[in-house]
Structure formats: C-alpha cells, structure tokens
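I opened this entry to look up how the helices and strands pack. My notes follow the display.

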Amino acid sequence: MEKEDLLNDDFLKQFKTGEELNAFLKQVQKRGIEKMLEGELDGHLGYTKSQKSNNTNSRNGHSEKKVRTSFGESNVQVPRDRDASFNPMIVPKRGNMVDGIENVIVSLYAKGMSNNDIEEQIREVYGFDVSTSTISRITDAITNDIVAWQSRPLEPVYLIVWMDGIVFKVRENSKVINKTVYIAVGLKRDGKKEVLGLWLGKNESAAFWMSVLTDMRARGVEDILITATDNLNGFTDTIRNVFPQSKTQICVIHQIRNASRYVVWKDKKAFSRDMKHIYTAPTKEAAHAALEDFARQWEDKYSYAIKSWRENWEDLTVFFEFPLEIRKIIYTTNIIENLNGKIRKYTKNKLSFPTDQAVMKSVYLAMREATKKWSMPIQNWGIVLNQFLVIFEKRVKL
C-alpha cells in the first residue's frame with residue numbers, strides 16, 4: 001500500500017472501534033521508536049549492523065523498557081552496547097516518557113535548522129518520517145512555554161543586571177522591518193546568571209526599556225544593585241526612574257567601539273593604545289588624567305571621540321567605585337554579548353521571520369540552548385559575594 005493511502009477511508013474501515021485504531025497506531029509508534037533507537041545506536045557506534053568495524057564497542061542485544069506515549073504504555077526493545085555508554089535521546093536511560101524525538105526536533109530547531117532540514121535529518125538519522133507540519137506543531141507548542149517563562153516570578157534582588165538588544169528582520173504588513181528583541185540577564189545572590197526575560201519591540205529605545213523594567217518590577221524585582229547597559233540615550237535616567245538606588249554603568253567596550261568608529265586606519269593602533277590608559281587606570285582620578293592626556297593627543301583630529309568620553313564620564317566610570325573583581329564583570333556587557341553571539345549563531349540561517357511569534361520562538365529556543373551550561377556561579381564568586389555584602393550590606397539579604 002502506498003504511503004499516502006495509509007489512512008484512506010477503505011483502510012480505516014477495517015477498524016470497527018476507536019480502540020482498535022488506537023491499538024494499531026500504538027503498534028506503529030512502537031515500531032517507529034524501535035527503528036529510531038537502532039538508528040541512534042548506529043550513530044553511537046559509527047557503523048550499521050550490515051557493516052564491519054574495528055570499533056572495540058559493539059552491539060550487545062536488547063533490553064525491554066516500558067515507556068509512556070500519547071497512545072499509552074508500550075514495551076519497547078532498547079538496543080544495548082558492550083561498553084554501556086549508549087544513552088539514547090529518544091528513550092533516556094533513566095526516563096520512561098518518549099519525548100526524546102520532540103526534544104531532538106526542538107533542539108535542531110533551536111540551532112537554526114528549518115523544518116525541511118529537520119525532516120531530512122530525522123529521516124537520515126532514524127529512518128523515520130516526521131512531516132514538516134508535525135515539526136511545526138511540536139515547535140509551536142513552545143509558545144505556551146514562552147508565556148509561562150516570561151510571566152514567572154523573579155527574585156527580589158539582583159546584584160547585577162546586564163541589558164542589551166538584538167535586531168532581527170520580521171515581516172509585518174507585507175513589509176520586512178527591523179525589530180529588536182530586548183534581553184536582560186541577572187546575577188542572582190547565589191552567583192548564578194539568569195535570563196530575566198525577552199521582549200520584542202520595533203526599535204531599541206529608552207521608552208521601551210521603561211516597559212521592560214516595569215515588567216521586571218511587576219514580576220517581583222524590588223532592587224537591582226548595579227546595571228550594565230549600552231550607551232543608549234536616556235537609558236540610565238530610565239533605570240533610575242524605576243530602580244532609583246541602582247548604580248548604572250555604561251559599557252566601556254561600547255564606548256571604545258563608538259569612539260574608534262571613524263578613526264582612520266593608520267591612527268587606529270596608537271589611538272586605541274592611548275585610550276586604553278583611561279579604562280585600565282587604577283582609580284577614577286588617574287583615569288581622568290589619562291583622558292586629558294588622550295584629549296591633548298587626539299582632540300584636534302577626533303574631537304567627537306573626546307566629547308563622547310566627557311559627556312558620559314560619570315556613567316562610564318562607575319566601575320571605579322568597586323574592587324577589581326566586581327569591576328571586571330560590570331565595566332563591559334560581555335556576559336550578555338556572549339549570549340547574544342550564541343543566539344545570533346543559532347538564528348543566522350533565518351534571514352527574516354514571518355511573524356513576531358516566529359522570532360520569539362526562535363530566540364527563546366536559542367537562548368535556552370545557549371544557557372544550558374549556566375549551572376555554576378561566576379568566577380571568584382566567594383570573593384565577589386563578600387565584596388557585595390560589605391558594600392551593599394543593607395540591600396543584600398541572603
């Protein structure tokens with residue numbers, strides 16, 4: 001029988017009840033799972049049953065495992081290897097819910113693969129067909145996860161919050177326009193990082209960041225000790241309006257890039273070397289002296305660069321108020337830029353997105369993939385925590 005005729009009317013007539021049809025589909029699913037497991041083991045060993053290999057590891061029979069699926073419980077034959085190193089994604093060793101294939105699909109989608117590419121990958125790896133409509137259904141189910149995640153309560157105090165935005169092309173009213181996904185990453189009182197939320201807006205602006213900060217407060221954030229942001233006009237005032245006690249540090253790396261933007265190539269090396277004396281100075285006073293030296297050397301040629309340093313001086317030099325360990329993690333937004341870079345890597349294959357929902361789904365999944373290893377406190381956490389406890393004694397409650 002042809003594949004497309006599998007569920008035609010004549011075929012379905014043989015099932016007199018819904019229970020009989022369910023039993024048949026359950027058996028088809030069981031066979032499909034077992035085929036996928038065999039395919040996973042082929043990939044793990046590096047060769048198929050029909051091939052010869054010098055690999056010291058080899059097949060070692062099967063074990064039976066009871067799993068739960070949408071059609072009820074089934075006993076499936078799980079292949080084993082002699083080294084016992086095979087841990088299938090479809091049916092994990094210590095799991096009994098067959099959500100593995102959905103996890104595989106979601107993971108591939110998160111890494112930027114299209115539905116057609118995922119369909120082909122599943123077919124090649126598992127010898128099993130999953131339609132693009134099924135893939136869409138599985139990834140679309142993430143929408144509810146996003147809503148729940150975006151609405152979850154946040155902690156009352158964050159030691160540092162880094163904020164930045166990523167621009168994507170999104171279709172709206174038959175036109176492709178730029179929209180910004182705003183991202184906030186918080187440093188918790190246990191030293192671990194947490195993405196606080198993702199928000200989509202048309203343009204990065206202080207006004208939109210106001211709505212982001214207000215949302216964070218509505219979800220339980222009472223205090224942010226330090227914020228690290230780019231040099232968006234009006235951003236620091238916006239932060240102070242919502243979290244008036246927060247210290248606001250403009251990202252020095254952004255400032256360096258902006259100041260160097262129009263420097264001619266032959267001057268770049270000397271210009272950058274002289275500017276480095278400003279932000280690597282031991283104290284704010286020494287940094288100001290370095291700025292004046294920098295100005296004497298370059299102001300006639302690049303007055304706009306000197307002007308940008310002077311106009312933003314107070315917000316650029318907040319990090320000098322803190323010990324070296326804290327300075328290193330607040331004078332730049334590298335933490336969130338590294339995250340943004342990974343999100344870009346996972347979404348680079350999508351030149352534009354058809355809807356707002358599509359871009360949010362992709363960014364959320366990419367973010368989730370990129371933060372899987374955020375399980376440990378930041379470097380030198382013991383020292384950093386003690387410094388925060390001394391400086392912000394009344395505001396940090398462990």
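I took contact to mean heavy atoms within 4.5 Å. Helices (H or I, at least four residues) and strands (E, at least two) are DSSP runs, numbered from the N terminus. Axes are lines fitted to C-alpha atoms, for helices over the stretch in contact, and angles run from 0 to 180 degrees between N-to-C directions.

This is a predicted model, so I noted the filters: local features need pLDDT of at least 70, side-chain atom pairs need 80 or more, and totals for chains, interfaces and linings use all residues. Residues are numbered from 1 along each chain as its sequence is written, and side-chain values use heavy atoms, without hydrogens and water.

I looked at the sheet next. It is open and mixed, with 5 strands in the order E5-E4-E3-E6-E7. Strands pair if DSSP finds at least two bridges between them. E5 (193-201) and E7 (247-250) are the edge strands. E3 (residues 157-172) and E4 (residues 175-187) run antiparallel over 13 bridges. I found Ile177 of E4 as the bridge partner of Val170.

Which strands does helix H17 lie across? H17 (residues 381-391) crosses over E3, E4 and E6, at about 110° to E3. Helix H8 (residues 235-242) lies across E3, E6 (223-229) and E7, at about 160° to E7.

Last, I checked a helix pair. The axes of H6 (residues 142-151) and H16 (residues 356-370) come within 10 Å and cross at roughly 75°. They are therefore roughly perpendicular (65 to 115 degrees). Among the contact residues are Trp149 of H6 and Tyr364 of H16.

Key: Angles under 35 degrees count as roughly parallel, over 145 as roughly antiparallel, 65 to 115 as roughly perpendicular and the rest as oblique.
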